Amino acid sequence: MSAKQRTTESVSAKQPTGEIVSAKQRTTESVNAKRRIEEARAGWAMTAPALAAIVVFFALPAIASLVLSFTDFDIYALADLGNLRFVGLQNYERLLENPLFWKAMANTMWFVALGVPLVVFLSLAAAMLVNSRWLAWRPLWRVALFAPFVTTLVATAVVWRYLLHTRYGLVNYLLSLFGIAPIDWLGSPTASLPAILIFVGWKSFGYNMIIFLAALQTVPRELDEAARIDGAGWWTRLRHVTLPAIAPTVLLVSVLTVAAMFQLFAEPYVMTQGGPAQSTVTILYFMYEEGFKWWNLGSGAAVAFLLFLCILAVTLVQLRLARRSGAI
C-alpha cells in the first residue's frame, strides 16, 4: 500500500461518517433549492402576461369603478374634470331610496332563483344524453345542442320574439292544441319574466353541457356497471355514483351560472327593453340606464359595486354549502 493511500484512509477514518452524510444532504438541499427558485422564476415568467392582462383589464377598472362610486361623475365631468366632486356615500343612499333599484334587484333575484336550477338541470340532462351509449350520432347531437350558445344573441332573440308572438307565435299555437288560451308572453308583466327565462335557458345551457360532459367522461364505467349488477336502478346510480363523482363540477357550473344570471342584460334589453311595467328590468339593465342613458356614471359605478357584493355573497354561500356536503 502506498503512502498516499494510507494517508487517504487515515483521513477518512478520522472524519466521522455523520459529517459526510450531513455534507451530502446540504449539497442536495442546495441543489433542490436552486431548482425550485428556477422553476418559480419560469412559472412567474410564463404567467406574467396573463397576470398583467388581469391587472390592466380587471383590477384597475374595478378599483377605478369603486373610486367613481364616491363621486358625482357625469357628462359634465366628462367635459371638464373640474366639475368632478367627491360625494361620499350619497350615490349609495340614493340607490337605496330608489324604488326602481329594488324592483331591479327583485327581478334579478327571481332570475337567479329560477334560472340557475333550470340551466343546471338542462345542462346536466343534455350532457347525460350525449354521453349515453345507446344514443346514435352522438357527435351530431353535441353540435346541435351546443349550437344555440354560439349563435348571435340578437338574431336568436328576434326569432324567439316571433315564436312567442301572441297571435302568430308557434308556442301559442302548440298550446292551443291542448285548449290553452293564447298568452301574451312579452306583453304581460307576469309572463314576460318566464318567457325570458325560457330563452336564457335555451341559449346558455350548451356551454355548461360541455363542462358536464367532460366531467361525466371521467367517471369510471366500472362503478356504474358494479352498481347496475348489484341491482341499483337509474335514479339510485345517479344519486350515489354519478352525482358524487361530478360534485365539484356541479359546484363550478352553479357558480358560473349564478354570476351569469346576476349579470343578465342583453336578453331583456333586446326582447322587452325592461318592460312591460319594468317587470324584466335587471340590476345590470338598471346600471346601464343609470350610467349610459342618464349619464349618472357615479351612480352606475355604485350599482356595479353592489352587484359585485351580491355575487360575492352568493358565491361564498355556495362554497360553504359545498364544503358541508363534501363536494369540495
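This passage describes salt bridges, aromatic pairs, a buried polar residue and a nonpolar surface patch in a predicted model.

Across the whole structure, a search finds 6 salt bridges. In one of them, Arg85 is paired with Asp72, and the closest N and O atoms are 2.8 Å apart. This pair links distant parts of the chain, since Arg85 lies in the loop between helix 3 (75-79) and helix 4, whereas Asp72 lies in the loop between helix 2 and helix 3, 13 residues apart. The two partners also differ in their surroundings: Arg85 is exposed, with a relative accessible area of 55%, while Asp72 has a relative accessible area of 17% and is therefore buried, the limit for that class being under 20%.

Salt bridges are also found in helix 10 (residues 221-229), where Arg228 and Asp224 are 4 residues apart and thus separated by about one helical turn. Their side chains meet at 3.2 Å, N to O. The side chain of Arg228 also meets that of Glu225 in a salt bridge, at 3.8 Å from N to O, and these two residues, being 3 residues apart in helix 10, are likewise separated by about one helical turn. Both Arg228, at 43% relative accessibility, and Glu225, at 30%, count as partly exposed. Through shared partners, salt bridges join Arg133, Asp224, Glu225, Arg228 and Arg237 into one network.

Aromatic pairs number 19 in a search of the whole structure. In the pair formed by Phe149 and Tyr207, the ring centres are 5.2 Å apart and the planes stand at 25 degrees, so the pair is stacked. Phe149 belongs to helix 6 (residues 138-150) and Tyr207 to helix 9 (residues 192-216), so that the pair links distant parts of the chain, 58 residues apart. Phe149 is partly exposed, with a relative accessible area of 33%, and Tyr207 is partly exposed as well, with 40%. Elsewhere, ring pairs link Phe265, Tyr269, Tyr285, Tyr288, Phe292 and Trp295 into a cluster.

Burial can be followed in helix 4 (residues 90-97), whose buried residues are Asn91, Tyr92 and Leu95. Because these residues cover an arc of only 95 degrees around the axis, they lie on the same side of helix 4. In helix 5 (residues 99-131), Asn107 counts as buried at 5% relative accessibility, and the side chain of Asn107 reaches the backbone oxygen of Val281 at 3.0 Å.

At the surface, Val55, Val56, Phe57, Leu60, Ile63 and Val67 make a nonpolar patch of about 600 Å². Leu60, a residue of helix 2 (residues 17-68), counts as partly exposed at 48% relative accessibility.

Technical notes. Residues are numbered from 1 along each chain as its sequence is written. This is a predicted model: local features need pLDDT of at least 70, side-chain atom pairs count only at pLDDT 80 or more; totals for chains, interfaces and linings use all residues. Side-chain values use heavy atoms; hydrogens and water are left out. Patches are made of residues with over 30% relative accessible area and no salt bridge: like charges are joined within 9 Å, nonpolar side chains (Val, Leu, Ile, Met, Phe, Trp, Tyr) within 5 Å. Accessible areas come from the Shrake-Rupley method with a 1.4 Å probe; for residues, only the protein chains shown count as cover. A salt bridge is a side-chain nitrogen of Lys or Arg within 4 Å of a carboxyl oxygen of Asp or Glu. Buried means under 20% relative accessible area, exposed over 50%, partly exposed in between (1.4 Å probe, protein chains only). The arc is that of the directions from the helix axis to the C-beta atoms. Rings of Phe, Tyr and Trp (its six-membered ring) pair if their centres lie within 6.5 Å; planes under 30 degrees apart count as stacked, over 60 as edge-to-face and the rest as tilted. A polar contact is a pair of N or O atoms within 3.5 Å; within protein, one must be able to donate a hydrogen and the other to accept it, and residues adjacent in sequence count only if both atoms are side-chain atoms.
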